[in-house]
Amino acid sequence: MNKKRNKLLVLMIAVCLMTACGANGEVNRTESRESEAEETQMQETEMQPNEDMIAEAIRQETADVKPETEESSTAQNNTAEGSNEQVQELREPTAEISEKIPEKYLMYQLIEPGRIEQITYTTRDYFGDGSEITKNANVYLPYGYSEDKKYNVLYLMHGIGGDENEWGMTGSTSEIKRMMDNLIYHGDIEPFIIVTPNGRSSSNFAAQGSDYNSFYVFGQELRNDLIPYIEKTYSTYGEYDENGYDLSATREHRAMAGLSMGGMQTINIGIGECIDLFGYFGAFSAAPTSNTAAKTAELLKDNTYEIYYFYNICGTEDNIAYASASAAAKNLPDVCEQFDPEKNFMWQELTGVHDFKIWYLGFYNFAQIAFDAES
């Protein structure tokens with residue numbers, strides 16, 4: 001029996017080491033950077049990314065993404081049943097913001113795993129001539145997904161160098177899937193659907209050789225094509241009608257979040273253009289060209305839709321996005337009364353750069369904030 005237990009322990013440790021994807025490193029909150037904060041407050045003009053900045057963002061975004069392999073799939077199948085702990089009590093109304101993802105949320109969930117589907121949907125070349133095109137996306141469905149139940153939906157966006165697969169949500173080794181499976185299993189969140197689309201609304205939506213300006217028209221694709229397709233295909237709160245329907249009626253059941261360029265899309269498009277479609281927002285290392293706090297305040301001056309929560313995270317050593325993310329959100333409550341740190345706003349900064357150590361942590365925290373109006 002002892003030999004069997006020891007073998008089980010070795011296998012569990014091997015899986016943890018192989019799949020952590022860098023998210024287990026210790027991250028500590030840094031001391032206040034008042035001088036830098038004063039600097040970023042003065043940035044009221046949009047930053048245009050130069051070629052070096054774009055190249056570095058692409059390199060760092062893709063550096064930590066690990067494709068699914070036969071070896072990792074085999075390790076999953078061999079993981080001990082003991083990797084799952086007993087179901088805990090439901091969380092308190094206010095989610096606790098973490099600086100590190102606990103180990104148990106990175107383990108493979110063998111008892112109640114969700115699943116990932118690859119989908120195709122019809123949209124248009126909004127950056128070009130408006131012609132009809134077909135695009136791909138990935139969809140996470142929680143364990144026990146049923147047409148008899150309605151689900152909230154998170155639209156999770158990638159960065160400038162990625163595509164619908166950048167978050168790694170392509171199979172059983174997905175870190176997003178593992179976190180979701182365990183958050184649901186341990187009772188920390190209510191099950192919800194995640195969609196990872198390609199954020200370029202153009203006929204050339206490849207990661208290489210595409211015009212990054214196509215990211216800025218993605219709001220049309222969300223409103224006209226992607227959200228209606230998801231709500232037609234899956235059991236959501238949206239009352240889909242092929243002749244058109246009021247998407248704003250169920251905005252509290254939709255969230256938008258993203259890393260780097262996807263963080264820009266969350267700010268510029270989610271909050272700036274589609275506030276009627278979403279109630280929850282998450283920006284992880286929001287990229288240059290993100291709307292400044294002053295611009296967001298101007299865009300929202302006549303807004304009547306409730307903003308349930310806006311969560312931000314960025315590494316203090318991120319020389320690509322710290323300045324732009326800070327200018328976009330750090331002092332947003334000071335210039336826009338619709339954001340209140342005591343109710344619906346969070347700026348989190350800690351030691352880190354422009355990579356998935358920050359973004360996975362951002363997702364982990366945001367997954368516990370989204371769809372919880374009492375957060």
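# Exercises on an open sheet, its helices and its cores

In this predicted model, 8 strands make up an open sheet of mixed pairing, ordered 1-2-4-3-5-6-7-8.

**Exercise 1.** Determine which strands lie at the edges of the sheet, and describe how strand 3 is joined to strand 5.

*Solution.* Begin with the edges: strand 1 (115-124) and strand 8 (345-350) each pair on one side only, and these are the edge strands. From one strand to the next, the twist averages 20°. Turn then to strand 3 (residues 152-157) and strand 5 (residues 254-259), which run parallel and are joined by 5 bridges; within this pairing, V153 has R254 of strand 5 as its bridge partner.

**Exercise 2.** Establish which strands helix 7 and helix 9 lie against, and decide whether helix 9 is largely enclosed.

*Solution.* Helix 7 (residues 261-271) lies across strand 3, strand 5, strand 6 (280-284) and strand 7 (309-315), and runs at about 145° to strand 5. Helix 9 (residues 322-330) packs on the sheet as well, where it touches strand 7 and strand 8, its direction making about 155° with that of strand 8. For burial, the cut-off is under 20% relative accessible area. By this criterion 11 of the 11 residues of helix 7 are buried, whereas in helix 9 the count is 8 of 9, so helix 9 is largely enclosed by the rest of the structure. The buried residues of helix 9 include Y322, S324 and K330.

**Exercise 3.** Identify the residues that touch the most other members of the largest nonpolar core, and trace the contacts of L222.

*Solution.* The largest nonpolar core has 46 residues, of which Y155, I193, L222, I230, F278 and F310 touch the most other members. Helix 6 (residues 218-233) gives the most to this core, contributing 5 residues. Leaving aside residues up to four places away in sequence, L222 touches Y155, I227, P228, M256, I269 and F278. A second core of 39 residues is separate, and includes L156, L183, I313 and F371.

**Exercise 4.** Classify the aromatic pair of Y121 and Y229, and state whether each residue is buried or partly exposed.

*Solution.* The whole structure contains 23 aromatic pairs. For Y121 and Y229 the centres are 6.1 Å apart and the planes make 35°; because planes under 30 degrees apart count as stacked and those over 60 as edge-to-face, this pair is tilted. The pair links distant parts of the chain, with Y121 in strand 1 and Y229 in helix 6, 108 residues apart. At a relative accessible area of 2%, Y121 is buried, while Y229, at 24%, is partly exposed.

How values were computed
Residues are numbered from 1 along each chain as its sequence is written. This is a predicted model: local features need pLDDT of at least 70, side-chain atom pairs count only at pLDDT 80 or more; totals for chains, interfaces and linings use all residues. Side-chain values use heavy atoms; hydrogens and water are left out. Two strands pair if DSSP finds at least two bridges between them. Helices (H or I, at least four residues) and strands (E, at least two) are DSSP runs, numbered from the N terminus. Axes are lines fitted to C-alpha atoms, for helices over the stretch in contact, and angles run from 0 to 180 degrees between N-to-C directions. Contact means heavy atoms within 4.5 Å. Buried means under 20% relative accessible area, exposed over 50%, partly exposed in between (1.4 Å probe, protein chains only). A nonpolar core is a set of buried Ala, Val, Leu, Ile, Met, Phe, Trp, Tyr and Cys residues joined through side-chain atoms within 4.5 Å. Rings of Phe, Tyr and Trp (its six-membered ring) pair if their centres lie within 6.5 Å; planes under 30 degrees apart count as stacked, over 60 as edge-to-face and the rest as tilted.
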